[in-house]
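Student: Please take a close look at one buried spot in this model and then lead me outward from there. I would like to see the surroundings, the open spaces and the ligand site in one connected account.

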Amino acid sequence: MDGNGRWAASRGLSRSAGHRQGAQAVRRTVEAAPELDISTLTLFAFSADNWQRPPSEVGSLMFLLQKYLDNESRRMVENGVRLNVIGRRDRLQPAIARAIARTEEATAEGTGLLLRVAIDYSARQAIAAASQLPPRQDADPAEDFVRRLDRVTHALAGTPAVDLVIRTSGEQRVSDFLLWESAYAEFLFLPVLWPDFDRHHLEAAVADFRGRNRRFGRLQALAS
Ligand code: IPE
Ligand code: MG
C-alpha cells in the first residue's frame with residue numbers, strides 16, 4: 001500500500017486524509033479478493049522503518065489501524081475473513097496489541113480469506129531473529145527455518161509462499177517485505193496510488209499473473 005501521501009498532497013489535503021482514503025481501499029480490496037479466488041492477501045501497512053516518520057504521522061497511522069480493527073471486526077467475521085497480523089508486537093501501544101489479539105481471536109474461524117496485515121514488519125529483522133531460534137535437528141533445514149520465521153513474525157503456520165507482489169504508486173522496490181516468502185513471487189508495479197486502487201486493478205493484476213509463465217527454475221511451467 002503506497003501512495004497515500006501523494007494522493008493527499010495532489011488534492012491539497014493532509015497526509016492523514018490520504019491514509020483515511022487508503023483505509024477505504026483496504027476495505028474494497030479485502031471484499032474483492034475472495035471473489036477473484038485469492039485465498040491469502042498480505043497488506044504492508046507499517047514497516048519497521050516507518051517508526052522513523054514524524055510522531056504525528058505514526059500516531060495517525062496507529063489510530064487508523066485501531067479504528068479499522070474495531071470497526072471491521074464484525075464485518076470480517078460475517079465475510080469469513082481471518083485476520084493475522086505479522087511483524088513485531090512488542091513495540092506497539094498496548095491498546096493496539098490488544099485490538100490485534102481480540103480481532104485475530106474473533107476471526108479465527110474464518111475460511112473465506114486469510115487477511116495478513118504487516119505491522120512493525122521488517123523481513124530482514126525477522127530473518128535475523130528466526131536464525132537465532134534453536135533449529136530442530138532432524139527437520140529439513142528450509143522447512144524448519146520457515147517454522148521459526150512464522151514464529152517470530154506471528155504468522156500462521158502453513159501460510160503458503162507469496163505468488164504475487166503488487167506495489168502501487170510507481171515505486172519499483174521491495175522495501176524489506178517478505179524477502180524469504182517471495183523468493184518465487186511474480187512482481188507487478190503499478191502507477192496507481194493506493195487510495196485509488198480498486199477491484200478493477202486487482203482483477204487486472206490477477207489476469208496478468210495468470211498469464212505469467214512460472215518455471216521455478218525448471219524448463220517448463222508447472223501445471224497449475
Ligand atoms: C502508504 O502511503 C502508507 C504506509 C504504508 C505507511 P505513504 O505514506 O507511503 O504515501 P507516500 O509514499 O508518501 O505517497
Ligand atoms: Mg510511500
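Tutor: Let's start with Arg167, which counts as buried because its relative accessibility is 15% (buried means under 20%, exposed over 50%, partly exposed in between, with a 1.4 Å probe and protein chains only). Bear in mind that this is a predicted model, where local features need pLDDT of at least 70, side-chain atom pairs need 80 or more, and totals for chains, interfaces and linings use all residues. Residues count from 1 along each chain as written, chains are lettered from A and ligands numbered from 1 in written order, and side-chain values use heavy atoms without hydrogens or water.

Arg167 belongs to strand E4, which spans 164–167 (strands are DSSP E runs of at least two residues, helices H or I runs of at least four, numbered from the N terminus). From there, the side chain of Arg167 reaches 2.9 Å to the backbone oxygen of Arg173, a polar contact (N or O atoms within 3.5 Å; within protein, a possible donor and acceptor, with sequence neighbours counted only if both atoms are side-chain ones).

Ahead of strand E4, the loop that joins H6 to this strand holds Gly158. There the picture reverses: Gly158 is exposed, because its relative accessible area is 70%. Its C-alpha atom is 31 Å from that of His19, a residue 139 positions away along the chain.

Helix H6, residues 141–153, leads us to the second largest pocket, giving 4 residues, the largest share of the lining. Pro160, Ala161, Val162, Trp180 and Glu181 lie nearest the centre of this pocket, among 17 lining residues. The pocket holds about 280 Å³ of space, and its lining divides into 9 nonpolar, 2 polar and 6 charged residues.

The search also turns up enclosed space: the whole structure has 1 cavity of 30 Å³ or more (on a 1 Å grid over protein atoms, a cavity fits a 1.4 Å probe that cannot get out, a pocket is open with protein on both sides within 12 Å along at least five of seven lines, and lining residues have an atom within 4 Å of a point). The space in the largest cavity is about 60 Å³. Arg27, Val30, Glu31, Tyr68, Glu72, Arg75, Met76, Asn79 and Val81 form its lining. H2 and H3 each bring at least two of these residues, with H3 giving the largest share, 4 residues. Sorted by class, the cavity lining has 4 nonpolar, 1 polar and 4 charged residues.

Helices H2 (15–35) and H3 (55–78) come up again at ligand 1, where they and H1 (4–9) each supply at least two residues of the shell. This shell has 13 residues, and Asp2, Gly5, Arg6, Arg15 and Arg53 are the closest (a heavy atom within 4 Å makes a residue near). H1 contributes the largest share, 3 residues. Backbone atoms meet oxygen atoms of the ligand here: at 2.9 Å for Gly5, at 3.2 Å for Asn4 and at 3.4 Å for Gly3. Ligand 1 alone would expose 380 Å², of which the protein buries 88% (Shrake-Rupley areas, 1.4 Å probe). The shell comprises 3 nonpolar, 5 polar and 5 charged residues.

Note on methods: Nonpolar A, V, L, I, M, F, W, Y, C, P; charged D, E, K, R; others polar. Points joined across faces, edges and corners; volume = space filled by probe spheres on them.
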